[in-house]
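Reader: I should like to examine how the descriptive terms applied to this structure are justified. Please set each value against its criterion.

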Amino acid sequence: MLALLLTPALAAEPSIPFSRYELPNGLQVILLEDHALPQVVVDLWYKVGSKDEVAGRSGFAHLFEHLMFMGTLRLPGSGFDRVMEAQGGWNNAWTMQDATNYYDVGPPQLLETFLWMEADRMQQLDEAMTQAKLDLQRDVVRNERRQGNEDQPYGMVEIELDTALFPAGHPYAHSVIGTHEDLQAASVGDVTGFFNTWYVPNNASLVVAGDFDPAQAKVWVERYFGTLERKELPARAAPEPVRTVQKASVTITDQVDFPQLNLFWHGPSAYQAGDAELTLAADLLGAGESSRLYRRLVDGGLAQEVQVFQYGLQYGGIFGVTVLPMEGVTVEEVERVVQEELTRLANEAPSAAEMERLQNQHAIATYQSLEPLQNRAESLNRYWAYTGTPEWLGKDVARFTAVDAPRLSASVSEWLKPAAASRIVVLPEEKKP
Amino acid sequence: MIPVLLSVLLAVAPASARTKKPAAPPPPPPVEAPVPPPDPLATMPTVGEARPFVPPTPEVGALSNQVPVWVLPSPKLPIFSLVLYVPRGSQLDAPGKEGTAALAMEVMGRGAGERDSAAFSAEVERRGLSISRDAGPDGAWVALSGPTEQLQAGLDLLADFVLRPQFAGIEVKKARELLLAGLQSNLDEPGYVASRTGLSLYWGPAHPYGRPADGTQAGLKKIGAVDLKKWHKAAWSATGATLAVAGAVTKEQVLPMLDARFGAWKAGKDVKVDVPAAPVHDREAIYIVDAPGSAQTGFYVAFPGLAQFAPPEVATKMGTIALGGTFTSRLNALLREEKGYTYGVRAAMESRRHGGTLLVRTRIRADVTAEAMVDLVAQLDKITAGIDEAELKKAQGAARQDVVEVLETQAGVAGAYVDYLALGRPPGALAAELTSYGAVRIDEVTSAMALYSRQHAVFVLVGDRALIEPKLREKGFVDLAVVTPP
């Protein structure tokens, strides 16, 4: 059906032209030239995330991410931010289960500085680490947890989710943000140990993107990153695949006016079989006003909103459905509709019109995601981290266009059995007089 | 680490010492210890000068009915983004029927032309298109985006949306129920509560900018299809409408397409709504919204600000960025990076057509609310004395980079252009704005920021009153009032 609607211009594979090489110390280097606007992006992806935390140190990978901005011997204090902001640059970072990603954005004249600063902290962040820095960022991260989870309506579902799905000891059995207790327990020794173990060139990939001269960039990359030492990485055994949830039902209370239903299943790993199918299934059920659950629940007057997602990770995935019922509608009522629609989708292949909608919406979303330079830089690193090569955009598009209606249904049947879900319900706290 | 120079000296010293023995035969030439290469990371590179940058200028056209159109062709990706704006929004909401514009915009997408709600959304989504819409106090807008090959079909749907909405009774009822539920849910969110309360307290509950654009429980319940049709007729006329398009299109392609659908769109009555000046707040007023058990206190601080593009807009923008517009800004550096009280704090200008505010927003750990308040007001007082050269340079760079990033996406370009058009700015406005960033002087920033006395500000704190109020009083903040959100 896709070809009926799309001309070759849009149906053609989108591309991100780049070149790549590897330094002798194992650092992956990817150069993405684009002179459309006067800006550059340096995106550094480290293959370390919350899955690599040891017991009793939940939240540490993310806390460490904050400490990466606290200065080195050569560039102490807030120098990292100060220097780049002085020229119009900015930066940010994020941590997830599998990875930590740092990116610097700014005008082209900052490129050499970006590269120097990233290499500087990759080489010697540990030598300038202090208890005061750790204490300060620990406070900031605990504030982040308060803002994003504890004081955020329904924000604790994200915290409950990990233990509901994964068994104790599994790399994903704790939240990325961590507990207050574990954050409090982190020491300077933990910081330097983590740094020396994981923040090494052979565990990272560097994308340089934007308005720059590749020959000059190569010289700078070699100069600043070339002397960093490769180190042996600890063996990381993949956990046994998990298909059974740990808690079939969890109920929590929150300062909210409406209850909320959350259903979570184990899903396929990122970029693996079933991932594209369940991503499209999530769209079929919950993306847009013509999606099945929107029509039945929201348009049907039973719910305020419905969200459906497939979140693929390295060692598995999470498929989730969240429904906020209308006043007077119970979570049981909306749950019945969700399960009916899942059963229907498992038993009956979607219509041709639905597949057309899914494919076209996915195609346009892919193109729109390629507009910001930083998105493109991060995509190349993500492909490298999950598939072993940054040259994967074409395959990524192809795996979605290859999903037909029977395959989509078969994946729903395989992964989203009604009894296989973990159900997390949020109930409003009793109102105080 | 041993510094490079010292390590070289240590390496050669022993060989030099051995040459002092008189009776010994001449020694062989000393074997030079290998000199380690210089540490390439020893010195941070210097940063070069910024290259000149002139933003692109749009192609300019107009429909047969004189609706102006700006087009920025960008052939790199086969997609487009379009925004259609009318300068009438929730300011037209009748008293007691707050939320009319918001509800009307929601229902306009729920059945238009020959298609009912389900058929309309199915047709939009089937083609890979998306239509988003909203209304604020000054105006309403609809944005269309998707594959360029679907532009014609998308414009047909957009024309139905704008010119032929159905306003079916059942859809009005459904949308109203959703907006009411959404409003109730939003009131659980501390940031939303702070903004909604702050707007009302700063502008006044009857002011077009103080009334909540998303409505009130009482107002939404009174609005029927007749009200929505009336609002639509008044708001969605060609009078003052503006159009901007960006993407893989040219003016020659898109203008006839637009004209075929909107060229005969009629002008309407030029509705004039009185938007009075903001009330003068002559003493520092602190309002608390009680949120028992909150782990954090939400802050919303509103100062009298500037209308869109009103002077000294650029100087104020630079001062605001220095105060709280970047990570190393004064407020974030102090409250997050030095004290650890918050995950972040930001200051920004919120400028509307007829007035504006300078806003500071943050979420502070509940038990240090009073301490943070002391630090916050000290910084607010200090900024009235101006900023230094380094801060100005930083602010100029940040503002320039913002312009570059707006130009990255077609939606960003179309949104910016339609704003410029609505305010009667020339096609070179973006370039002129960029030039003005570089030209602003430090004394102009100092003069601009001198006006931001906290005596004229409204402070709204959403938090656990039992925990925060006694400590605030201890710190000398005694002019406190407890309020509920409107």
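Author: Angles under 35 degrees count as roughly parallel, over 145 as roughly antiparallel, 65 to 115 as roughly perpendicular and the rest as oblique. The model discussed here is predicted.

Reader: Why are α3(A) and α6(A) called oblique to each other?

Author: The axes of helix α3 (residues 60-67) and helix α6 (residues 131-150), both of chain A, cross at roughly 120°. Since the range for roughly perpendicular is 65 to 115 and roughly antiparallel requires over 145, α3(A) and α6(A) are therefore oblique. Their axes come within 9 Å, and the crossing is right-handed.

Reader: Which residues make the contact between α3(A) and α6(A)?

Author: From α3(A), A:His62, A:Leu63, A:His66 and A:Leu67 take part. Among their partners in α6(A) are A:Leu134, A:Val140 and A:Val141, together with A:Lys133 and A:Glu144. By class, the contact residues comprise five nonpolar, three polar and three charged.

Reader: What makes α6(A) and α11(B) roughly perpendicular to each other?

Author: The axes of α6(A) and helix α11 (residues 330-338) of chain B cross at roughly 100°. That value lies within 65 to 115, and the two helices are therefore roughly perpendicular. The axes come within 9 Å. In this contact A:Leu136, A:Gln137 and A:Val140 meet B:Arg336, B:Glu337 and B:Glu338; two of the residues are nonpolar, one is polar and three are charged.

Reader: What makes the contact of A:Arg399 with A:Asp396 a salt bridge?

Author: The criterion is a side-chain nitrogen of Lys or Arg within 4 Å of a carboxyl oxygen of Asp or Glu. For A:Arg399 and A:Asp396 the N to O distance is 2.6 Å, so the pair satisfies the limit of 4 Å. The two residues are three apart in helix α16 (residues 393-401) of chain A, which means that about one helical turn separates them. Over all chains, the structure has 54 salt bridges.

Reader: Why are β7 and β9 of chain A called edge strands?

Author: The open sheet has five strands of chain A, in the order β7-β11-β8-β10-β9, with mixed pairing. Strands β7 (249-254) and β9 (303-313) each pair on one side only, and are accordingly its edge strands. Within the sheet, β8 (residues 260-267) and β10 (residues 316-325) of chain A run antiparallel and are joined by seven bridges.

Reader: How do you know that β8 and β10 of chain A are paired?

Author: Pairing requires at least two bridges; seven join these strands, so the criterion is met. A:Asn262 stands opposite A:Thr322 in β10(A).

Key:
Residues numbered from 1 in each chain as written. Chains lettered and ligands numbered in written order. Predicted model: local features only at pLDDT ≥ 70, side-chain atom pairs only at ≥ 80, totals over all residues. Heavy atoms only, no water. Helix = DSSP H or I, 4+ residues; strand = E, 2+ residues; numbered from the N terminus. Axes fitted to C-alpha atoms, helices over the stretch in contact; angles between N-to-C directions. Left-handed = near helix turned anticlockwise from the far one by under 90°. Contact = heavy atoms within 4.5 Å. Nonpolar A, V, L, I, M, F, W, Y, C, P; charged D, E, K, R; others polar.
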